[in-house]
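The following exercises are to be worked with the sequence and the model in view. Each task is followed by a solution in steps.

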Amino acid sequence: MEALQQALSSRGLTVASIPGKGRGLVTTKDFSPGDVIFYQEPYASTPSKLHGSSVCDGCFASGNLRKCSACHIAWYCGNVCQRSEWRVHQLECQALAGLGEDRRKMLTPSIRLIVKLLLRRKLQAEQVIPITPTDNYHLLDALISHISDIDEKQLVLYAQMANLVKLVLPYLDINVKEVAQIFSKIACNAHTICDSELRPLGTGLYPVISTINHSCVPNSVLVFEGRSAVVRAVKPIAEGTEVFISYIETAATTSTRQKDLKQYFFSCRCPHCIKNSDEELHENAIMEGYRCMDKKCYGFLLLDTVKQAFVCQQCSLARDQHEIKKIDNEVESLLSKASTFLSSGKYSEARDLYKNIEQLQSKLCHPFSINLMRTRENLVKILMELKDWRSALIYCQLTIPVYQRVYTENHPMLGLQYYTCGKLEWLLELTDDALKSFTKAVNILRITHGTSTAFMRELLNKLEEARAEAAYKHSTDCISDELI
C-alpha cells in the first residue's frame, strides 16, 4: 500500500478511507476539465467474443486480424501486439490448444479473463513479468468480492466456473474457493472496455481504477484508448476532493439507477439520488410517464384514482387511463417484434416497426421520455444502416433536447450525439449546421476523450473541413451578391 501511495502521490492522488464507502481515490492537487487524472493498463483483459474475430487481444483494434494458429482463440492485428502478449499467451495457448471440442465450447470471456489473470500472477511471482506499484496481484487481492452477499445460486455458478478454470489449467495448484471469489470480484470491479464511440469491446481489470467510487453526477469520466483506461476530469476538481465516475447508465430515474447499482452492493447517495417525494414523482412522471393531450403543454400526468384518469399537473387536462393502457400494450407488442428484426439485421422491417412505435410513443409519452428517446436512437442507427441520412437526422435532432436534460454538460454521450448529427448534416451538405454540431461535439469530447486518439483526430479533421467549406460558401455567396 505504501508503494502505491508513493506512485499516486506523483500524480496528485491518494487512496483514502471514505466513511460508508471503504476506499476511494482523492485528489492532492487541483484538476481542470480535460486533465488526465489516472491512466492504467489492464492487469488482465479479454475481448467479448471468443469465437470469430472481433478485436485484437493486444490493443483491442479491429481490422486486419489474424488468429493464433495453435489455439484458434486469440486474434492479433500484427506482430507487435502478438509479441507484447506472448509471455502470457504462450501458456494460455498451450492450455487452450489441449482442450477437447466440448470443453472449448464451455469457454466464456469471463473464464478466459480468469485464466489470463492467474497466468499473469504466476509469471509475476516467477519474476518473468515485472511487478510495479500499480501493476501487481496484491492490488486485485485487496478488492472486495462481496461473496458473502451473493445468493446460493450465484455461489454455485461461480464454483462451476472455477472448476472449468481448473480444467483449463490442470498444472496449476488452483484453489476452487479462491477462484470463485475472484469471479465475484470481477462482477463488482471489472470494467467494460469500449471504443471511442462507447461501443462495448471486452472486459478488463484495472485495480487502481477499481478504487474509484460511483456517483450519478460524477466529476470525471472513464474512457478507453485501445484497452488502456483513462480517467479524465469533466469538472473542476479541487485538492482534497474524492474522484467519482459513473458505473451505470445515468439517463434513468432514481429507482432504475438504484436497481442497476444492486450488482455492486450499495445504494447511491449522490445529490442526484437524494430527492424528496415530490421531486421523485416529478422525475418519474416525465422520464417514464405520459404526455398531456395538449401538444403545446409540457406538463406531466399523474393518476387521479377518483376520476380514474391521468391528469396533467400543469393544465389539469385529463386523459383516459384505458386509452393509455391500450397504446402501452400495443407499443410493448411492437417492441418485441422490432427488436427481433433488428438483432437479425432485417433493417427495413425493423425501421417500419420502430417508426410505428415512435408515432405511438409520441402520442403517449412525455417529450422528455427515456423510452421515446431510446426508440429514436434505434431509428437513427437503423436509418444510417439504410443510408437514409435525412430521416436519420430528423430523429437524431429530436434526441438532443432529451440528451441535454438527462446528461451532464460534458457527458461523452451528449458529445457523441452532436457528432452523429454533424456527420448526417455533412452528408446532406448542410455545411453550416454540420459546423455547429461538430463544434459542440469537439467542445465536449476534447474534455472527455483528449485529442490524441484516431477518433478525435478524425473529428477534428471533419471540423476543419466544415470550417473551410463554410468559409468558401460564404465567400462565394458574397461575390454573387456583389455581382447582382
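**Exercise 1.** Determine where Ser316 lies and whether Ser316 is buried or exposed.

*Solution.* Step 1: in this predicted model, Ser316 belongs to the loop that runs between strand 14 and strand 15 (318-320). Step 2: its relative accessible area is 54%. Step 3: exposed means over 50%, so Ser316 is classed as exposed. Step 4: the phi angle of Ser316 is near 70°, a positive value in a residue other than glycine.

**Exercise 2.** Carry out the corresponding analysis for Phe265: find its loop, its phi angle and its accessibility class.

*Solution.* Step 1: Phe265 sits in the loop between helix 8 (254-260) and helix 9 (277-288). Step 2: its phi is near 65°, which is positive although the residue is not glycine. Step 3: the relative accessible area of Phe265 is 30%. Step 4: buried means under 20% and exposed over 50%, with partly exposed in between, so Phe265 counts as partly exposed.

**Exercise 3.** Describe how helix 12 and helix 13 are arranged and which kinds of residue form their contact.

*Solution.* Step 1: two packed helices are described by the angle between their axes and by the distance between the axes. Step 2: for helix 12 (residues 370-385) and helix 13 (residues 389-406), the axes come within 8 Å and cross at roughly 150°. Step 3: the crossing of helix 12 with helix 13 is left-handed. Step 4: helix 12 contributes residues including Ile370, Met373, Leu379 and Leu383, while the partners in helix 13 include Trp389, Tyr395, Leu398 and Val406. Step 5: the contact is made up of 14 nonpolar, two polar and two charged residues.

**Exercise 4.** Identify the members of the largest nonpolar core that touch the most other members, and state which helix supplies the largest share of this core.

*Solution.* Step 1: the largest nonpolar core has 54 residues, and those touching the most other members are Leu301, Tyr354, Met373, Val406, Phe438, Leu445 and Leu459. Step 2: the elements that each supply at least two residues include strand 14 (309-312), helix 10 (321-343), helix 11 (347-364) and helix 16 (454-483). Step 3: helix 13 gives the largest share, eight residues. Step 4: a second, separate core has 49 residues, among them Trp75, Tyr158, Ala180 and Ile186. Step 5: returning to Phe438, its contacts beyond four places in sequence are Tyr419, Gly422, Lys423, Trp426, Leu459, Lys462, Leu463 and Ala466.

**Exercise 5.** Consider two pairs, Leu113 with Thr203 and Glu330 with His474, and state for each the separation along the chain and in space.

*Solution.* Step 1: Leu113 and Thr203 are 90 residues apart along the chain, and their C-alpha atoms are separated by 7.9 Å. Step 2: Leu113 is found in helix 4 (residues 109-125) and, at a relative accessible area of 1%, is buried. Step 3: beyond four places in sequence, Leu113 touches Ala44, Ser45, Thr46, Ile186, Thr203 and Leu205. Step 4: Glu330 and His474 are 144 residues apart in sequence and 49 Å apart in space, C-alpha to C-alpha. Step 5: Glu330 lies in helix 10 and is partly exposed, at 40% relative accessibility.

**Exercise 6.** Locate the feature "domain: MYND-type" and give its helix and strand content.

*Solution.* Step 1: an unreviewed UniProt entry places this feature at residues 56-93. Step 2: over residues 56-93 the chain is 39% helix and 11% strand. Step 3: the end C-alpha atoms of residues 56-93 are 15 Å apart.

Notes: Residues are numbered from 1 along each chain as its sequence is written. This is a predicted model: local features need pLDDT of at least 70, side-chain atom pairs count only at pLDDT 80 or more; totals for chains, interfaces and linings use all residues. Side-chain values use heavy atoms; hydrogens and water are left out. UniProt positions are given in the numbering used here, feature names are shortened, and annotations may be inferred rather than shown by experiment. Helices (H or I, at least four residues) and strands (E, at least two) are DSSP runs, numbered from the N terminus. Axes are lines fitted to C-alpha atoms, for helices over the stretch in contact, and angles run from 0 to 180 degrees between N-to-C directions. A crossing is left-handed if the near helix is turned anticlockwise from the far one by less than a right angle, and right-handed if clockwise. Contact means heavy atoms within 4.5 Å. Ala, Val, Leu, Ile, Met, Phe, Trp, Tyr, Cys and Pro count as nonpolar, Asp, Glu, Lys and Arg as charged, and the others, Gly among them, as polar. A nonpolar core is a set of buried Ala, Val, Leu, Ile, Met, Phe, Trp, Tyr and Cys residues joined through side-chain atoms within 4.5 Å. Buried means under 20% relative accessible area, exposed over 50%, partly exposed in between (1.4 Å probe, protein chains only).
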